[in-house]
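Thank you for coming, everyone. Please take a moment to look at the chain on the screen before I begin, and keep it in view while I talk.

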Amino acid sequence: MGSNQPFTPPEETAPVSPAGRLRRLLEEGELVVAPGIFDGLSAHLVRRMGFLAGYLTGAGVAAAGFGLPDIGLVGMSEMADRVSMVAGVLGEVPLIADADTGYGPPPSVARTVRAYERAGAAAIQLEDQAFPKRCGHLPGKELVSTDEYLARLGAALDARIIARTDARAVLGLDAAIERGNAYAAAGADVIFVEAPRTVEEITRIAREITAPKLINVVAGGLTPEVEPAVLRELGYSIAIYPTTALLAVTNAAVTALRGIGGTHAVPLPLSQLEDFFRLVGLDEWFAISEKWSAPAPSGDDPANAVGSSGAW
């Protein structure tokens, strides 16, 4: 039957980008659990199993993609290629991507952010270690000063930035919280204090960081595993699990290869990150680093916020 009313087309709604979807999830106050992704298969699993976001783990990409430990050996172009592949698999599922230190001074950081955005990252993690960086759950990390990191951050802030500090291992928890709040004040969207050692530290970070917070739940790492429901109650916004699938896949592969005749010993289970990184050559790369590293200058002032959490 006809109508005398004029036709009104339905209101068009612009599609929400993965970055916009992640921003909306954070605004709604739910805990976003983001499993670690290190290849196309793990990306498909995260998408098909209903997770709200995925986390491209630099450690996982280094090990599974290039056979290298997570000590700063993989470059920006290699990581951006992985971002593009993984974002394509995830589709609408937001991808949080590890960008290490930004791969250089502020102009390089700006280039990194642009490359990751073009590749499809919904959020980018940028840390305050000196180059070459190390996995946050290995010893021997060094930091740049707060001012130097704020310069990196300023170059990056056109994107959704997750600001990571490794100060807990080098300078202690008080300094890590102080840095986290400084990074939030400078405009970082989410604050990531790496490697708290106890549930009490996890609780204190949640209470004293005045911004949305990310926690890194590393299987085989330094941080105790806390149930997502508890993390949500504490007020964390994002929980990443970078090594949960990675270690499980590696252990399963070792078992399967033993079953078809593999004879050389690989200790199982690979439950510690140190053992996992040794599997992909950590000791050999450290030997090269130690042989060719310049001697440390004497008389360094701890107040410069550049330090080491211990030799390997």
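**Salt bridges and helix faces**

Let me start with a single residue, Asp-283, which is partly exposed, with a relative accessible area of 36%. I should say straight away that this is a predicted model, and that what I describe was computed from it. Asp-283 forms a salt bridge with Arg-278, and the closest N and O atoms of the two are 3.2 Å apart. Arg-278 is partly exposed as well, at a relative accessible area of 36%.

That pair is one of the salt bridges in the structure, which holds 10 of them. Another joins Arg-232 to Glu-30, with 3.6 Å between the closest N and O atoms. Because Arg-232 sits in helix 10 and Glu-30 in the loop between helix 1 and strand 1, this pair ties together parts that are 202 residues apart in sequence. Glu-208 and Arg-204, on the other hand, both belong to helix 9, where they are 4 residues apart, about one turn of the helix, and their closest N and O atoms are 2.9 Å apart. In general, an α-helix has 3.6 residues a turn, so residues three or four places apart point the same way. There is also a network of salt bridges, which links Glu-127, Arg-164, Asp-166 and Glu-194.

Now let us step back to the whole chain, which has 13 helices and 8 strands, and in which 48% of the 312 residues count as buried.

Where do the buried residues of helix 11 fall, seen down its axis? The residues concerned are Leu-246, Leu-247, Thr-250, Asn-251 and Val-254. They fall within an arc of 130°, so they line one face of helix 11, and they pack against helix 3 and helix 12. Helix 11 itself runs from residue 244 to residue 259 and reaches 23 Å from its first C-alpha to its last, close to the 22 Å expected. Just after helix 11 comes Gly-261, which takes a positive phi of about 115°.

Helix 1 can be described in a similar way: its buried residues are Ala-19, Gly-20, Leu-22 and Leu-25, and these pack against strand 1, strand 3 and strand 4. Helix 1 is followed by Gly-29, whose phi is positive, near 85°.

Finally, please turn to the surface, where Leu-41, Leu-45, Met-49 and Phe-51 make a nonpolar patch of about 410 Å². Leu-41 lies in helix 2 and is exposed, with a relative accessible area of 58%.

Notes:
Residues are numbered from 1 along each chain as its sequence is written. This is a predicted model: local features need pLDDT of at least 70, side-chain atom pairs count only at pLDDT 80 or more; totals for chains, interfaces and linings use all residues. Side-chain values use heavy atoms; hydrogens and water are left out. Helices (H or I, at least four residues) and strands (E, at least two) are DSSP runs, numbered from the N terminus. The expected span of a helix is 1.5 Å times one less than its number of residues. Buried means under 20% relative accessible area, exposed over 50%, partly exposed in between (1.4 Å probe, protein chains only). The arc is that of the directions from the helix axis to the C-beta atoms. Contact means heavy atoms within 4.5 Å. Patches are made of residues with over 30% relative accessible area and no salt bridge: like charges are joined within 9 Å, nonpolar side chains (Val, Leu, Ile, Met, Phe, Trp, Tyr) within 5 Å. Accessible areas come from the Shrake-Rupley method with a 1.4 Å probe; for residues, only the protein chains shown count as cover. A salt bridge is a side-chain nitrogen of Lys or Arg within 4 Å of a carboxyl oxygen of Asp or Glu.
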